Amino acid sequence: MENLDFLFAAYTAVWVMLFAYLHVLARRNRALEREIEELRALLEQSDHR
C-alpha cells in the first residue's frame with residue numbers, strides 16, 4: 001500500500017501520453033481530410049476543362 005503514489009503517477013502518465021497520441025492522430029486526420037478535399041477540387045476543375 002505504500003507504493004500507491006507511484007502507481008497513480010504511472011497511470012496518470014500513461015493516460016496523458018494516450019490522450020496526446022490521440023490528439024496528434026486527430027490533427028493528422030484533419031490535415032489529410034483537407035488535402036483530400038483540395039485534390040477533389042483540383043480533379044473537378046480538370047474534368048470541366
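1. Where do Glu37 and Arg40 lie, and how many residues apart are they? Both belong to helix H1, which spans residues 4-48, and they are 3 residues apart, about one turn of the helix. The model under discussion is predicted, and the points below should be read on that footing.

2. The overall architecture is quickly stated. The secondary structure of the protein comes to 1 helix and 0 strands. Along the principal axes, the C-alpha atoms fill a box of roughly 75 × 10 × 5 Å.

3. Burial deserves a remark. Of the 49 residues in the protein, 0% are buried. The protein exposes about 5,100 Å², and carbon and sulfur atoms supply 64% of that area.

4. The count of salt bridges comes to 1. Glu37 forms a salt bridge with Arg40, and the closest N and O atoms are 3.2 Å apart. Glu37 has a relative accessibility of 47% and therefore counts as partly exposed. Arg40 counts as exposed because its relative accessibility is 51%, the cut-off for that class being over 50%.

5. On charge, the protein carries 6 positive and 8 negative side chains. The centres of these two sets lie 7 Å apart.

6. A nonpolar patch on the surface should also be noted. Its members are Met1, Leu4, Leu7, Tyr11, Trp15, Leu18, Phe19, Tyr21, Leu22 and Leu25. Together these residues have about 1,100 Å² of accessible area.

7. One member of the patch, Leu4, may be taken as an example. Leu4 is found in helix H1, the helix that also holds Glu37 and Arg40. With a relative accessible area of 45%, Leu4 is partly exposed. Leu4 therefore passes the requirement of over 30% relative accessible area that applies to residues of a patch.

Definitions and conventions. Residues are numbered from 1 along each chain as its sequence is written. This is a predicted model: local features need pLDDT of at least 70, side-chain atom pairs count only at pLDDT 80 or more; totals for chains, interfaces and linings use all residues. Side-chain values use heavy atoms; hydrogens and water are left out. A salt bridge is a side-chain nitrogen of Lys or Arg within 4 Å of a carboxyl oxygen of Asp or Glu. Helices (H or I, at least four residues) and strands (E, at least two) are DSSP runs, numbered from the N terminus. Buried means under 20% relative accessible area, exposed over 50%, partly exposed in between (1.4 Å probe, protein chains only). Patches are made of residues with over 30% relative accessible area and no salt bridge: like charges are joined within 9 Å, nonpolar side chains (Val, Leu, Ile, Met, Phe, Trp, Tyr) within 5 Å. Accessible areas come from the Shrake-Rupley method with a 1.4 Å probe; for residues, only the protein chains shown count as cover. Lys and Arg count as positive and Asp and Glu as negative; His and the chain ends are not counted. The place of a charge is taken as NZ of Lys, CZ of Arg, CG of Asp or CD of Glu.
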